[in-house]
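This report sets out selected local features of the structure shown below. Each section takes up one topic and the residues that belong to it.

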Amino acid sequence: MIDDCNDPLTLAAELFCEDEMDLDAIEKSISTVLTAIGEDVDREGLIKTPSRVARSYEELLAGYRMDPKALLNEAIFDVAYDQMVIVRDIEFYSMCEHHMLPFIGKVHAAYIPTDKVIGLSKIPRIVDLFSKRLQVQERMTTQIAEFIEVAIKPQGVAVVVEGLHMCMMLRGVKKHDARMTTSAMLGTFRKDMSTRMEFLDNISRGAERRLI
Ligand SMILES: [Zn+2]
């Protein structure tokens, strides 16, 4: 967790997992799950399933092994600009930590610089860093906002996440339109309602609000 952390390097170390993912252990576990379900792990369609699942976890959960320090080092520029920077409709794919089922959707992020800006193409990378983990949407939203805050110390940061949760759509209450909106407002976005409204107006304007 990055609460109370104002040092980018400490933050980077906490977020980064140096050990490689143990694909063999995942494969063995998936075989166990298949057997427990009542499946025949040796039937043709399933023979490669444990290794496919392991490799898909490697991709879907790649955020643990993305180096946040490298991301920060290459992406921060001194620029005299103090207006709102907005990046909207950033697609994300994550996995809910309660059920290990996907939740997917869009992230909208904004900040008002103090004296530094972050490379625009890096904002989607920051979203990947936090979404490609076992997550809850609320924490992911806060982490993205706090990461931008720690990285460039702007006047304020705003992040809104809209997500569709498979664990709600497919099981339990079976709500087929189980979308959830979360937001994190820091600095000026929290204190100043007109700043917050400017951002919220922008992300709702002209947007076809379909997540998938
Ligand atoms: Zn869930």
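## Nonpolar surface patch

In this predicted model, Phe77, Val79 and Tyr81 together form a nonpolar patch on the surface, with a combined accessible area of about 260 Å². Tyr81 belongs to the loop between β1 (76-78) and β2. With a relative accessible area of 36%, Tyr81 is partly exposed.

## Asp82 in the β1-β2 loop

Asp82 is also placed in the loop between β1 and β2. Its relative accessibility is 45%, and Asp82 therefore counts as partly exposed, since that class lies between the limits of 20% and 50%.

The side chain of Asp82 makes a polar contact of 3.0 Å with the side chain of Gln83. When neighbours within four places in sequence are left aside, Asp82 is in contact with Ile112, Pro113 and Gln155. Of these partners, Gln155 is 73 residues away from Asp82 along the chain, and the C-alpha atoms of the two residues are separated by 8.6 Å.

## Zinc site

The zinc ion has three protein donors, namely the SG atom of Cys96, the ND1 atom of His99 and the SG atom of Cys167, at 2.2 to 2.3 Å from the ion. The spacing of the donor residues in sequence is C-x2-H-x67-C. Distant parts of the chain are linked by the pair Cys96 and Cys167, which are 71 residues apart: Cys96 is in strand β2 (residues 85-96) and Cys167 in helix α7 (residues 166-169).

Are the two cysteine donors buried or exposed? Cys96 has a relative accessible area of 5% and is buried. Cys167, at 9% relative accessibility, also counts as buried. Both values fall in the buried class because that class takes in residues under 20% relative accessible area.

## Ser94 and its surroundings

Strand β2 also contains Ser94. This residue is buried, with a relative accessible area of 3%. A polar atom of the Ser94 side chain lies 2.6 Å from the backbone oxygen of Ser131.

Beyond its neighbours within four places in sequence, Ser94 is in contact with Leu101, Pro102, Phe103, Ser131, Arg133, Gln135 and Met140. Ser131 thus appears both in this contact list and as the partner whose backbone oxygen lies 2.6 Å from the Ser94 side chain.

## Helix α5

To what extent is helix α5 enclosed by the rest of the structure? Seven of the ten residues of this helix (residues 122-131) are buried, so the helix is largely enclosed. The buried residues of α5 are Lys122, Ile123, Ile126, Val127, Leu129, Phe130 and Ser131. Ser131, which is in contact with Ser94, is thus one of the buried residues of α5.

An α-helix has 3.6 residues a turn, so residues three or four places apart point the same way.

## Salt bridges

The model has four salt bridges, and three are described here. Lys116 and Asp78 are joined by a salt bridge between their side chains, with an N to O distance of 2.9 Å. This pair links distant parts of the chain, with Lys116 in strand β4 (residues 116-118) and Asp78 in strand β1, 38 residues apart. Lys116 counts as partly exposed at 29% relative accessibility, whereas Asp78 is exposed, with a relative accessible area of 63%.

Arg43 forms a salt bridge with Glu39, in which the closest N and O atoms are 2.9 Å apart. Arg43 is partly exposed at 39% relative accessible area, and Glu39 is partly exposed at 30%. In the salt bridge between Asp89 and Arg88, the closest N and O atoms are 3.3 Å apart. Asp89 has a relative accessible area of 29% and is partly exposed; Arg88 is partly exposed with a value of 27%.

## Positive phi values

Most residues other than glycine have a negative phi. Met100, a residue other than glycine, has a positive phi, near 55°. Met100 is found in the loop between β2 and β3 (102-112) and is partly exposed, with a relative accessible area of 38%.

Lys153 likewise has a positive phi, near 40°. The loop between α6 (137-152) and β6 (156-165) holds Lys153, which counts as partly exposed at 46% relative accessibility.

Note on methods
Residues numbered from 1 in each chain as written. Predicted model: local features only at pLDDT ≥ 70, side-chain atom pairs only at ≥ 80, totals over all residues. Heavy atoms only, no water. Donors = N, O, S within 2.8 Å, 3.2 Å for Na, K, Ca; no water. Helix = DSSP H or I, 4+ residues; strand = E, 2+ residues; numbered from the N terminus. Buried < 20%, exposed > 50% of the residue type's maximum accessible area, 1.4 Å probe, protein only. Polar contact = N/O pair within 3.5 Å; in protein donor to acceptor, adjacent residues only side chain to side chain. Contact = heavy atoms within 4.5 Å. Patch = residues over 30% accessible without salt bridge, like charges linked within 9 Å, V, L, I, M, F, W, Y side chains within 5 Å. Areas by Shrake-Rupley, 256 points an atom, 1.4 Å probe, with all protein chains shown as cover.
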